[in-house]
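User: Please take a close look at one part of this model, the second largest pocket, and describe what lines it and how it sits within the chain as a whole.

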Amino acid sequence: MICTLKRPPAGRLSGATSLVGVTEQQPRQQPQQFERGTDGPKVIVVGLDGSDSSLRAAAYAGGLARRQNALLAIVYVQPVMPAGAAFGVPVGDATGEIAEELVAEIRSAAERVKGIWDVRWEFHTVRGDPYSGLVTAADELKADAVVVGASESAGHRIVGSVAVRLVKAGRWPVTVVP
């Protein structure tokens with residue numbers, strides 16, 4: 001906003017100013033360019049693996065998605081365990097069952113709040129390590145924000161947690177829920 005001060009009308013003291021003499025001039029509008037995420041997130045990706053912190057992250061992301069009227073993209077990254085597969089363990093079946101259990105829990109929770117809170121959500125599964133899986137999902141879904149639970153593993157203090165690696169990637173705002 002640009003303000004200009006008008007001179008007082010004739011007959012007033014020359015040094016006097018008046019608030020009545022202040023007018024507003026609107027700044028010139030520049031052509032708007034597309035900028036992702038300027039009106040709040042439209043797609044929020046949350047990583048879910050069944051841990052307590054990931055469930056809290058999903059709850060937080062669900063509330064954010066509801067308030068922003070955004071799509072909540074829940075992503076479960078199925079771990080690749082080549083050692084287990086080498087010994088004939090049906091790893092794919094085990095991680096698939098976990099994904100199905102997570103979807104059942106999410107549907108149950110969505111039904112409990114139906115009519116009270118409406119959240120648009122999708123469930124996605126990808127294979128790989130958690131960091132790469134979340135990056136792939138966030139890129140493909142054109143995420144405006146990523147929410148993850150804080151790591152519960154002591155080893156991540158040395159190697160670096162998924163959350164820290166996502167923040168360092170610097171591609172989306174990342175919220176880490178304790």
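Analyst: What follows describes the pocket first and then the chain around it. The model is predicted, and every value given here is computed from it. The second largest pocket has a volume of about 400 Å³, and 22 residues line it, of which D49, S51, P130, G149 and V162 are the closest to its centre.

Turning to the elements behind this lining, at least two residues each are supplied by helix 1 (52–68), strand 4 (71–78), helix 4 (130–140), strand 6 (145–149) and helix 6 (162–169). Strand 4 gives the largest share of the lining, namely 3 residues. When the lining residues are sorted by class, 11 are nonpolar and 9 are polar, while 2 are charged.

As for the chain that holds this pocket, its secondary structure comprises 6 helices and 7 strands, and these elements follow one another from the N terminus in the order β-β-β-α-β-α-α-β-α-β-α-α-β. Among the contacts that link residues at least 6 apart in sequence, 72% are between residues at least 24 apart. The chain has 178 residues, and 32% of them count as buried, whereas the area that the chain exposes comes to about 12,000 Å², with carbon and sulfur atoms supplying 55% of it.

To return to the pocket itself, its lining thus draws on both helices and strands, with 11 nonpolar residues set beside 9 polar and 2 charged ones.

Terms used
Residues are numbered from 1 along each chain as its sequence is written. This is a predicted model: local features need pLDDT of at least 70, side-chain atom pairs count only at pLDDT 80 or more; totals for chains, interfaces and linings use all residues. Side-chain values use heavy atoms; hydrogens and water are left out. On a 1 Å grid over the protein atoms alone, a cavity is a set of points where a 1.4 Å probe fits but cannot get out, and a pocket is an open set with protein on both sides within 12 Å along at least five of seven lines; lining residues have an atom within 4 Å of a point. Grid points are joined across faces, edges and corners, and a volume is the space filled by probe spheres set on the points. Helices (H or I, at least four residues) and strands (E, at least two) are DSSP runs, numbered from the N terminus. Ala, Val, Leu, Ile, Met, Phe, Trp, Tyr, Cys and Pro count as nonpolar, Asp, Glu, Lys and Arg as charged, and the others, Gly among them, as polar. Buried means under 20% relative accessible area, exposed over 50%, partly exposed in between (1.4 Å probe, protein chains only). Contact means heavy atoms within 4.5 Å. Accessible areas come from the Shrake-Rupley method with a 1.4 Å probe; for residues, only the protein chains shown count as cover.
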